[in-house]
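Dear colleague,

I am passing on the structure we discussed, and my notes on it follow directly below. Please read them with the coordinates open beside you.

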Amino acid sequence: MDVKRLVKMYWDSRGQEPPDMSVCKTFGVILSDAFDSKMRILDVGTGTGFMALILAELGHEVVGLDISEGMLRVARKKAECRGLKIQFKLGDAENLPFKDDSDAVICRHLIWTLPNPRGALAEWTRVARHKVVVIDGRWMRSS
C-alpha cells in the first residue's frame, strides 16, 4: 500500500483531545513574533487546524491544507465555532494545488510523515513569497 494512503487512513481515523490552553497561548506569542505583519499564510498539514486557528485569531488570512478529510472536518467545525474565516482544502503537502501567492507557509509536526520531505520543502518555498516556518521534533529515539 502507498505510504500517503496509509498516512491519510491513519489521520482520517484519529481523534483529538482538546489542546492545552497554555500551549495555545505560547504558540500565539511565538507566532505573533514570527508573523509581525498581516499575511496570507498557508498552513500545510493543518490537521484539526491548531496553527490555522491561532493564526486567524491573530488576524492573518489563513488557508489550511491537509490530506485527511476527517481532520479537515474537525478543523472546519472548530473554525465555525470560533467565528473564524479559514479556507480548508484537501490536498497533498508535496504537490501543492496553489500558485506562488502565499506570503508564508507554516507546518507543524508534518515532516516526519512525508515520503519526500525535500520535495515538500521545495514546494513550500515555491509558494511562499517571504518565509517558510517548520515546527517539528525528534519523535523516535533509538536506544
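Strand β4 and its surroundings

In β4, the residue that D43 has as its bridge partner is I106. Please keep in mind throughout that this is a predicted model.

The pairing of D43 belongs to a parallel arrangement in which strand β1 (residues 40-44) and β4 are joined over four bridges. Strand β4 (residues 102-108) also runs parallel to strand β5 (residues 128-135), to which six bridges join it; among the partners there, A104 is matched with K131 of β5, and R108 with I135. Together with helix α5 (residues 117-127), β4 and β5 make a β-α-β unit, and this unit is right-handed.

Because six of the seven residues of β4 are buried, the strand is largely enclosed by the rest of the structure. I106 appears again in the largest nonpolar core, which has 23 residues, and is listed with L31, F35, I41, L55, I86 and F88 as having the most contacts inside it. Two or more residues of this core come from each of α2 (21-34), α3 (50-57), α4 (69-82) and β4, and α3 gives the most, with seven residues. As a general background, nonpolar side chains in soluble globular proteins tend to be buried together.

Strand β5 also contributes to the surface: V134, which is found in this strand, makes a nonpolar patch of about 190 Å² with L121 and V132. With a relative accessible area of 37%, V134 counts as partly exposed, because that value lies between the limits of 20% for buried and 50% for exposed.

With best regards

Terms used:
Residues numbered from 1 in each chain as written. Predicted model: local features only at pLDDT ≥ 70, side-chain atom pairs only at ≥ 80, totals over all residues. Heavy atoms only, no water. Pairing = 2+ DSSP bridges. Right-handed = clockwise from strand over helix to strand, strands pointing away. Patch = residues over 30% accessible without salt bridge, like charges linked within 9 Å, V, L, I, M, F, W, Y side chains within 5 Å. Areas by Shrake-Rupley, 256 points an atom, 1.4 Å probe, with all protein chains shown as cover. Salt bridge = Lys/Arg side-chain N within 4 Å of Asp/Glu carboxyl O. Buried < 20%, exposed > 50% of the residue type's maximum accessible area, 1.4 Å probe, protein only. Core = buried A, V, L, I, M, F, W, Y, C linked by side-chain atoms within 4.5 Å.
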